[in-house]
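The following paragraphs lead the reader through a protein structure, beginning with the terms on which the description rests. Please keep the sequence and the model in view while reading.

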Amino acid sequence: MSERAVRIGDFSGYLGDRFTALDEALAGDPVDVLVGDYLAEITLAALSLRYQRDPSGGYVEYFVDQIRPHLAALAGRGVKVVTNAGGFHPAALASKLRELAASDGVSLRVAHIDGDNVLEQLPAYQRSGHRLESLDSGAALAEWDASPLAANAYLGGWGIAAALQAGADIVVCGRVTDASLTTGPAAWWHGWGREAWDELAGAVLAGHIIECGPHATGGNFSGFTRVPDMLVPGFPVAEVAADGTAVITKHARDGGTVSTDTVTAQLVYEIQGPRYLNPDVTVHLDEVRLHPDGADRVRVSGATGSPPPPTTKVAVFGKIGYQVVNTVYVTGLDIDEKVDLLRAQISRNLPQGITELDITRIGSPAADPETQWDATAGVRVMVTARDREPLERFDAAGRLGSLYLQSIPGFFHDGGSGMTSAPRPRIDYWPALLPMSEVPHRAVLDDDSTVDVSVPVTEPVRPQPEHPEPTGSPEIIDARRAPLGVLAHARSGDKGGNSNVGIWVPDERAWPWLRDTLSTAELRRLVPELKDLEVVRHEFPGLRAVHFVLRGLLGTGGSSNLRVDQVGKAVGEYLRAKHVPIPRDLLPAEGDDHVAD
């Protein structure tokens, strides 16, 4: 147990994040633990196909290439590494790392976390009465029109803590929660008990803030124009104290910035409301506060905890067919008519077995274009089927390519990338719940001994708090219509088939206006796509934020829906572009329509 804060540095927010991040983290300020997150839901879908083809793999080889040059440095400095790069086969990755360390003459102890892969147990679960209902539709898994090819339960951080306590230098995980990568090391470092609810809540929140890497230092931030050195924003560091409070910072040598707004952006990202459920603790975000604590330092406090729910989420994936996607372009005048004719020609004589044909126009040409590209809009053509054969008969590339002489003027495709008719698998997502008592959770050490993790004290799930809607549109005597983003930041993301968006204002004077303006009814008016969807609204006064969950906007999940913005990452910026009446006394000076920091 240590009295000083543990310094936990992130080096990956998803599979494909900057390859040099681990190099940078080790060249930066000292840290005690390095954590790398690779397993977004859509990433799990892709990895599941690879694991089906090669059961000996299924882990993130990208991580192996990142860490290989640094094994000796990690051993010499005593820096721990915790990652979920184990994917579907943590044991195989742990074995690979031991082999590499031995070949380099480096002494490193590698453990892995086991139990999250429950695919083979699904039939037994169902026989014993677990219906594995979809969190979105409520239907039982048995009703799903797909055969599961992967099922992973979300584990907490106590297996990681146990592995570190047993002397592990590297802990390889599969599907633990993203925040568990931070919670486990913090609990180990400070020697917390299993019922240190407030401390655990603070660590989960710190983990949530740093789990997406540069998200907390200016990446994907609506105020990016005012972030210094945005060319290569650095990765964040969480200094987690013994009481669970944390300071979010970054390596001093790296670009980007850490501010209350960059931290807010990640805090409101991919949450379901003020109650944040985790296998180790239920985190209550209602009283969270952010305070500047020096240059590129933000203190996070106010999170409280209570026992976790008795269940944990299970991510099930199954193949539901195949798809082919191409993008072509239309130019100039009569765009609606041009797209209508393309749709009719592409849809003519569809082969039997085609299940969906989605044709989406992307953008609108300028009224008086300065360049040819200002006069151009994209048209994304996506076609799906249960089997490959109908798509092969559809021959998307041939069908689109045949239209050049018989369709519209100004029609072309990107000759540099070509078009395709090759079907790709289409993977659907089924989020369900299982009692934690049904999910094995154990740390497997380098001598093959195991440490079993018992189920924590739990309590039934309480519903999210209800926040009253604004009573009506605010009366503004002196207003100007301007983009919402003139005053407000936003960040959006995905949780299965739901998108979420948090909107907040840096200026405390603007908070009453934002709260009163952004009602559910007003959001529906601003975003017509929400017309038939359920919208859940919450307020975070301490963050000057309004948060919405947009249920079903992403279909059944990012890996299978037909939207061009598959996982809703652009919803927040779309909303910021919408014009609303803004009091003139809140607006920035004329000619400066950027958000005031």
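Two strands are said to pair if DSSP finds at least two bridges between them. Helices (H or I, at least four residues) and strands (E, at least two) are DSSP runs, numbered from the N terminus. The model is a predicted one, in which local features need pLDDT of at least 70 and side-chain atom pairs count only at pLDDT 80 or more, while totals for chains, interfaces and linings use all residues. Residues are numbered from 1 along each chain as its sequence is written, and side-chain values use heavy atoms, with hydrogens and water left out.

A parallel arrangement may be considered to begin with. Strand 1 (residues 6–12) and strand 2 run parallel and are joined by four bridges; here G9 stands opposite L34. Strand 2 is also joined by four bridges to strand 3 (residues 80–83), again in parallel, and the partner of L34 in strand 3 is V81. Helix 1 (residues 21–27) forms a right-handed β-α-β unit with strand 1 and strand 2; right-handed signifies that, with the strands pointing away from the viewer, the path from the first strand over the helix to the second runs clockwise.

In a regular strand the side chains alternate between the two faces of the sheet. Within strand 2 (residues 33–36), V33 and V35 point one way, L34 and G36 the other way, and all are buried, that is, under 20% relative accessible area, where exposed is over 50% and partly exposed lies in between (1.4 Å probe, protein chains only).

Helix 5 (residues 90–103) has 14 residues, which should span 20 Å at 1.5 Å a residue, and its end C-alpha atoms are indeed 20 Å apart; the expected span is 1.5 Å times one less than the number of residues. Its buried residues, among them P90, L93 and L97, pack against helix 3 (61–67), helix 4 (71–77), strand 4 (110–114) and strand 6 (170–172). Just after helix 5, G105 takes a positive phi of about 70°.

An open sheet of three strands shows antiparallel pairing in the order 9-10-13. Strand 9 (275–277) and strand 13 (304–306) are its edge strands, each pairing on one side only. Three bridges connect strand 10 (residues 282–284) with strand 13, and H284 stands opposite T304.

Finally, Q266 lies in helix 10 (residues 260–267). Q266 counts as buried because its relative accessibility is 0%. Leaving aside residues up to four places away in sequence, Q266 touches H208, I209, E211, C212, H215 and R491, contact meaning heavy atoms within 4.5 Å.
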